[in-house]
Amino acid sequence: MDKPPVYVIGHRNPDTDAICSVIAYADLLRRTCYPEAVPAACGTANLRTEFALETAGVPHPKLLMDVRPTTGQICRTNVMVTREEEPFMEVYRRMQQHRLKAIPVIDNDQKVIGLLTLLQLMHMLIPDENDLGEQRILNSTLAQVRSVLGATFQSEFDINKDEQLVMFIGAMSRDGFKDRIKNYPTDRLMVLVGDRPTIQAESINMGVRVVVITGGFSMKEELLVKAKEKGVVVISSPLDTAMTALLVRTAKPVSQAMDRDFITFDHHELLHTIRDRVQEAGQDLFPVLDDEERLYGVFAKSDMIDPQPAKLILLDHNEYSQAVKGAPEAQILEVIDHHRIGGGLMSREPIRFINDTVGSTCTMVARLFRQHAIMPEPGIALCMASGIISDTLFLKSPT
């Protein structure tokens, strides 16, 4: 996992010294101890600074107006997802393998269209007493049925067509079968039957959609010829009837189980503004969306308990009143400044604090380059020179 960024940041309404010093110091840190250092600014550059950066050929620092924890910071971006057409069994195995209780359902544009939980998947297999009849209904394709069973086709017609099938187990006498089967639409019937040629023959005669031969048996050649003439699909399942009936249900797409009523959050939203909504919500997983409303990541309620604070290195200031919003809640790693000391700055542990009576913060950053015996790139050197000149040109500063 990548380390969280260390933001090197100046004061509010930053001048040229504040912006140029964070750019230069972030460059030094990346070459020494903090490869994850990111130059940042809590305000836009003025025209003088714009000219200096353009002349030096260095990019602007990241605009960072608030460092309080956001959904984008606490969410996991390496997300296991599914699509609504995927079958139950494939998704269930993936969730079990990765020990997931819930998973987002996305479309081809990476937008979240639903949430799927293990509980919802289990309901597809174990219905409540009011939905027992629905368990005969299977909305899927015959190709997917063959796949979940690990079976083979002996006869196949339109196997990739989405259709609604009605399952029926032919574990009875021929007369009983003929009597019972009249209650169902034969053109949508999927008959599950073992090595019972009479039931197989009757199914073919009535023109059912598909006959699934269980127990690893195959349909006899003379019956298979008739099945092909009647356009009846024949599948040979290696499993017994009980297991075949169970697994056939797992060919259903997860769209039949997913929850389409769910809460999402923008990746910029501050945690303290959403805590109540999250705690009161009935869902376990919360999708986080990017600026184009595509899936950015996910978080659970437990991820909000102790969010990792932002890591900051403050330059050209040392007072909370001048710092980026949320700085008191952040972890301050270093301070480099040439102004007075004040403003109630506190840290959880000892930090590097450099304060000196020099003309600019860029002067102090240039010293650190020398101490590390590192030669700055020309653009970084010009950036530091701009900060020094800007802060000392008229010698009016108290520093």
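Two strands are counted as paired if DSSP finds at least two bridges between them. The legends below describe close-up views of a predicted model.

**Figure 1. Pairing of strands β8 and β12.** In β12, S236 is the bridge partner of T152. Strand β8 and strand β12 (residues 233-236) run antiparallel and are joined by three bridges.

**Figure 2. The open sheet of six strands.** The strand order is β7-β9-β10-β11-β12-β8, and the pairing is mixed. Strands β7 (137-140) and β8 (152-155) form the edges, each of them pairing on one side only. From one strand to the next, the twist averages 30 degrees. Within this sheet, strand β10 (residues 189-193) pairs with β11 in the parallel sense, over four bridges. V193 has I213 of β11 as its bridge partner.

**Figure 3. Strand β11, covered on both faces.** Strand β11 comprises residues 210-213. V210 and V212 lie on one side, V211 and I213 lie on the other, and all are buried.

**Figure 4. Helix α6 and the glycine that follows.** Of the eight residues of helix α6 (residues 142-149), six are buried, so the helix is largely enclosed by the rest of the structure. The buried residues of α6 are L142, A143, Q144, V145, V148 and L149. G150, located just after α6, adopts a positive phi of about 65 degrees.

**Figure 5. The open sheet of three strands and helix α4.** This sheet has the order β4-β5-β6 and mixed pairing. The edges are occupied by β4 (82-83) and β6 (112-117); each has a single partner strand, so one side of each is left without a neighbour in the sheet. Strand β5 (residues 102-106) pairs with β6 in the antiparallel sense over five bridges. A102 stands opposite T117 of β6. Helix α4 (residues 88-97) lies across β4, β5 and β6 and runs at about 70 degrees to β6.

**Figure 6. Positive phi at R99 and D158.** R99 is a residue other than glycine, yet its phi is positive, near 55 degrees. This arginine is found in the loop between α4 and β5. R99 has a relative accessible area of 79% and is therefore exposed, the cut-off for this class being over 50%. D158, likewise not a glycine, has a positive phi of about 50 degrees. D158 is placed in the loop between β8 and β9 (163-169). With a relative accessible area of 54%, D158 is exposed.

**Figure 7. The buried salt bridge between R209 and E163.** The closest N and O atoms of R209 and E163 are 2.9 Å apart, and the two residues form a salt bridge. R209 belongs to the loop between α8 (197-206) and β11, whereas E163 belongs to strand β9, so the pair ties together parts that are 46 residues apart in sequence. Both R209 and E163 are buried.

**Figure 8. The salt bridge between D195 and K220.** The side chains of D195 and K220 meet in a salt bridge with an N to O distance of 4.0 Å. D195 lies in the loop between β10 and α8, and K220 in the loop between β11 and α9 (221-230); the pair thus links distant parts of the chain, 25 residues apart. D195 counts as partly exposed at 41% relative accessibility. K220 is also partly exposed, with a relative accessible area of 41%.

**Figure 9. The salt bridge between R294 and D290, and a network of shared partners.** The side chains of R294 and D290 meet in a salt bridge at 3.1 Å, N to O. R294 is partly exposed, with a relative accessible area of 35%. D290, at 13% relative accessibility, counts as buried, because the limit for that class is under 20%. Elsewhere, D27, R30 and R31 are joined into one network by salt bridges that share partners. The structure holds 14 salt bridges.

**Figure 10. A nonpolar surface patch.** I389, L393 and F394 make a nonpolar patch of about 350 Å² on the surface. L393 is found in the segment after α13 (378-392). With a relative accessible area of 52%, L393 is exposed.

Definitions and conventions
Residues numbered from 1 in each chain as written. Predicted model: local features only at pLDDT ≥ 70, side-chain atom pairs only at ≥ 80, totals over all residues. Heavy atoms only, no water. Patch = residues over 30% accessible without salt bridge, like charges linked within 9 Å, V, L, I, M, F, W, Y side chains within 5 Å. Areas by Shrake-Rupley, 256 points an atom, 1.4 Å probe, with all protein chains shown as cover. Helix = DSSP H or I, 4+ residues; strand = E, 2+ residues; numbered from the N terminus. Buried < 20%, exposed > 50% of the residue type's maximum accessible area, 1.4 Å probe, protein only. Contact = heavy atoms within 4.5 Å. Axes fitted to C-alpha atoms, helices over the stretch in contact; angles between N-to-C directions.
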